[in-house]
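Here are some worked exercises for you to try on a structure. Have a go at each task before reading the solution under it.

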Amino acid sequence: MAADGAAALTFLDQESRVRAGGVGSLQVPAPVTMDSFFFGCELSGHTRSFTFKVEEEDDAEHVLALTMLCLTEGAKDECNVVEVVARNHDHQEIAVPVANLKLSCQPMLSLDDFQLQPPVTFRLKSGSGPVRITGRHQIVTISNDLSGEESEEDGSEEEEAELCPILPAKKLGRRL
């Protein structure tokens with residue numbers, strides 16, 4: 001029994017070292033927080049483009065997840081082509097048409113969380129709109145501060161070390 005207790009303490013000691021910074025090549029991921037904010041803009045004959053950008057010195061990961069493009073009140077029955085200008089995997093700027101909306105046949109288009117990395121520019125290439133673009137601005141932050149998390153885990157490790165071992169069940173005699 002004493003050997004089992006020592007083995008459990010050794011395991012807990014190794015586990016706490018992994019959480020504190022790693023053993024060998026093992027690393028514990030830092031706590032991640034994710035915030036999501038509603039995004040919307042409107043393109044029209046007066047405002048033919050809109051650029052979504054974030055601050056350069058921000059260490060967080062930003063994602064713009066587009067959900068829908070739709071024609072709004074006052075739209076004419078004409079083709080409204082919406083183009084997205086963003087960067088590809090080689091960091092080259094590319095322009096891609098993402099929607100061709102027409103009031104009589106396709107007044108809206110669902111983009112099912114189409115994800116883009118800022119900066120992103122939306123352009124109304126043809127038509128007079130107005131076209132509403134909606135989505136979510138997601139911000140993922142990785143925290144390097146583990147001090148609060150370590151203190152909580154230390155308390156749970158102490159509780160685990162104080163637990164009594166599990167004993168086998170007693171056999172009951174059979175009555176006939």
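**Warm-up.** Is Cys 70 buried or exposed?

*Solution.* Start with the ground rules: this is a predicted model, where local features need pLDDT of at least 70 and side-chain atom pairs count only at pLDDT 80 or more, while totals for chains, interfaces and linings use all residues. Residues are numbered from 1 along each chain as its sequence is written, and side-chain values use heavy atoms, with hydrogens and water left out. Next, the cut-offs: buried means under 20% relative accessible area, exposed over 50%, and partly exposed in between (1.4 Å probe, protein chains only). Cys 70 has a relative accessible area of 19%, so the residue is buried.

**Exercise 1. Lay out the fold along the sequence.**

*Solution.* Step one: list the elements, taking helices (H or I, at least four residues) and strands (E, at least two) as DSSP runs numbered from the N terminus. You get two helices and eight strands. Step two: read them in order, which gives α-β-β-β-β-β-β-β-β-α. Step three: look at burial, where 25% of the 176 residues count as buried. Step four: check how contacts (heavy atoms within 4.5 Å) are spread. Among those between residues at least 6 apart in sequence, 80% join residues at least 24 apart.

**Exercise 2. Which strands make up the open sheet of four strands, and in what order?**

*Solution.* First, the pairing rule: two strands pair if DSSP finds at least two bridges between them. The order comes out as β2-β7-β4-β5, with antiparallel pairing. Now the edges: β2 and β5 each have a single partner strand, so one side of each is left without a neighbour in the sheet. For the twist, fit axes as lines to C-alpha atoms, with angles running from 0 to 180 degrees between N-to-C directions (helices would use the stretch in contact). With direction ignored, neighbouring strands here are turned by 20° against each other on average.

Then go through the bridges to β7. Four of them join β2 to β7, and Ser 49 stands opposite Arg 123 in β7. Five bridges join β4 to β7. In β7, Val 82 has Leu 124 as its bridge partner, and Val 84 has Phe 122.

**Exercise 3. Find the partners of β3 and say how covered the strand is.**

*Solution.* Take one partner at a time. β3 and β8 run antiparallel and are joined by ten bridges; Leu 71 stands opposite Val 131 in β8. β3 and β6 also run antiparallel, with six bridges, and here our warm-up residue Cys 70 stands opposite Met 108. As for cover, eight of the eleven residues of β3 are buried.

**Exercise 4. Track down the aromatic pairs around Phe 39.**

*Solution.* Set the criteria: rings of Phe, Tyr and Trp (its six-membered ring) pair if their centres lie within 6.5 Å, and planes under 30 degrees apart count as stacked, over 60 as edge-to-face and the rest as tilted. The whole structure yields three aromatic pairs. One of them is Phe 39 with Phe 50, tilted, at 6.0 Å centre to centre and 45° between the planes. Phe 39 lies in strand β1 (residues 32–43) and Phe 50 in strand β2 (residues 49–52), so the pair ties together parts that are eleven residues apart in sequence. Phe 39 is buried at 5% relative accessibility, whereas Phe 50 is partly exposed at 31%.

Phe 39 also pairs with Phe 52, this time edge-to-face, at 5.4 Å centre to centre and 75° between the planes. That pair links β1 to β2 across 13 residues, and Phe 52 is buried at 10%. Put together, ring pairs link Phe 39, Phe 50, Phe 52 and Phe 122 into a cluster.

**Exercise 5. Which element gives the most to the largest nonpolar core?**

*Solution.* Define the core: a set of buried Ala, Val, Leu, Ile, Met, Phe, Trp, Tyr and Cys residues joined through side-chain atoms within 4.5 Å. The largest one has 21 residues, and those touching the most other members include Phe 39, Leu 66 and Phe 122. β3 gives the most, with four residues.

**Exercise 6. How many disulfides does the structure hold?**

*Solution.* Search for pairs of cysteine sulfur atoms within 2.5 Å. The count is zero. Take Cys 105: its sulfur is 7.0 Å from the closest cysteine sulfur, in Cys 79, too far for a bond. Cys 105 is also exposed, with a relative accessible area of 60%.
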